[in-house]
Amino acid sequence: DPKWSPGAAAAGGAAAGAVGGDVQWKQKLNEFAAKKAARPLAKGEFVYTTTAVDETNKSFTSTVSGAILSQGYTSAEPQISKKLAENAAARAAVEAEHPEVYGELAAFDVAVAAAPAKGQKRKADAPPMGDKNELNHMMQMLLSRSVTKDDVLYTLTTIEGDKPSYSATVALPTYEGSPTFQGAPALAKKDAEAAAAKVAIAAFKDAAAPLIEEHKAKKAKKNKEALEKLVAAQKEKKEALKAAVAVAT
């Protein structure tokens, strides 16, 4: 990509395709897809479907799809805004569809996260997953693919009384045996769904734990290798520039 280089990112503190130290994965997905197709992309070739993960509308997941992609890709974890959720979905698409360029871009994210610019505060750690988000992540590991809205289905039942409460079940129709789990009643709908998710998490905890650890290890290794490649490229460029200056003088 002629608009982005590890050296430029390191020297300038920002690069084309980066905002506040984070790669603009939607922009990069468009660029790489157009280059691969050898034509400009038409408007609407990528469709982002973004939804709130609960009733608070403070956490979102997104899926990017399009005929030019081999499949749809969903953001790995919920995000605090629709924009970030779409960016995360685009990142998943770039990683799968364009692995030859993903590594350096991911390394840039890692490098910036590890060393924020002078005068900037380090980003706060992401809040822990809620029960519904944790179940989605667990199913992603068990299914070995991104989770869609059809993989985890919640059903609410109102329990009448002086103070109405709710009971929820969560069904996993695409998993082996299509299991269903029921949670304890709760006064709020979101709490009832979280209770059902908690029961499902407990049921799959032993099966999913090694897969989650393996996923973490692979991700850490990939980020480490990408960061090492970025550092090596920066060093090589610096040495080449130094040699050029020596020859000129």
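A residue counts as buried when its relative accessible area is under 20%. Keep that cut-off in mind as you explore this structure, which is a predicted model.

**A buried threonine**

Let us try the cut-off on one residue. Is T61 buried or exposed? Its relative accessible area is 18%, so T61 is buried. This threonine sits in strand β4, which covers residues 60-65. Which residues does T61 touch, once neighbours within four places in sequence are left aside? They are T49, T50, T51, V53, S75, P78 and A85. Across the whole chain of 249 residues, buried residues make up 34%.

**The chain as a whole**

Now take a step back. The chain has six helices and eight strands. Starting at the N terminus, you meet the elements in the order α-β-β-α-β-β-β-α-α-α-β-β-β-α. If you consider contacts with a separation of 6 or more, 48% of them join residues 24 or more positions apart.

**The sheet around β4**

The strand that holds T61 belongs to an open sheet of three strands, arranged β3-β4-β5 with antiparallel pairing. Why do β3 and β5 each have one side without a neighbour in the sheet? Both stand at the edges, β3 at 47-52 and β5 at 73-74, and each has a single partner strand, so one side of each is left open in this way. Between β3 and β4, the antiparallel pairing runs over six bridges, and Y48 is found opposite V64 of β4. Helix α3 lies across β3, β4 and β5, and runs at about 45° to β4.

**Two helices that pack**

Helix α3 also has a helical partner. Two packed helices are described by the angle between their axes and by the distance between those axes. For α2 (residues 25-37) and α3 (residues 82-97), the angle is about 35° and the axes are 8 Å apart. Their crossing is left-handed. On the α2 side the contact is made by W25, K26, L29, F32 and K36, while α3 supplies E86, N87, A90, R91, A93, V94 and E97. Sorted by class, this contact has six nonpolar, one polar and five charged residues.

**A hairpin further along**

Strands β6 (residues 153-159) and β7 (residues 165-171) form another antiparallel pair, here over seven bridges. T158 stands opposite Y166 in β7. The two strands make a hairpin, with five residues between them.

Here are two strand pairs side by side:

| Strand pair | Sense | Bridges | Residues standing opposite |
|---|---|---|---|
| β3 and β4 | antiparallel | six bridges | Y48 and V64 |
| β6 and β7 | antiparallel | seven bridges | T158 and Y166 |

**A tyrosine in a loop**

After the hairpin, look at Y175, in the loop between β7 and β8 (180-182). Which residues does Y175 touch, not counting those up to four places away in sequence? The answer is M139, L142, L143 and F204. Take L142: Y175 and L142 are 33 residues apart along the chain, and their C-alpha atoms are separated by 8.2 Å.

**A stretch named in a record**

Finally, an unreviewed UniProt entry lists residues 216-244 as "coiled-coil region". In the model this span is 100% helix and 0% strand, and its end C-alpha atoms lie 42 Å apart.

How values were computed
Residues numbered from 1 in each chain as written. Predicted model: local features only at pLDDT ≥ 70, side-chain atom pairs only at ≥ 80, totals over all residues. Heavy atoms only, no water. Axes fitted to C-alpha atoms, helices over the stretch in contact; angles between N-to-C directions. Helix = DSSP H or I, 4+ residues; strand = E, 2+ residues; numbered from the N terminus. Left-handed = near helix turned anticlockwise from the far one by under 90°. Contact = heavy atoms within 4.5 Å. Nonpolar A, V, L, I, M, F, W, Y, C, P; charged D, E, K, R; others polar. Pairing = 2+ DSSP bridges. UniProt positions renumbered as here; feature names shortened; annotations may be inferred. Buried < 20%, exposed > 50% of the residue type's maximum accessible area, 1.4 Å probe, protein only.
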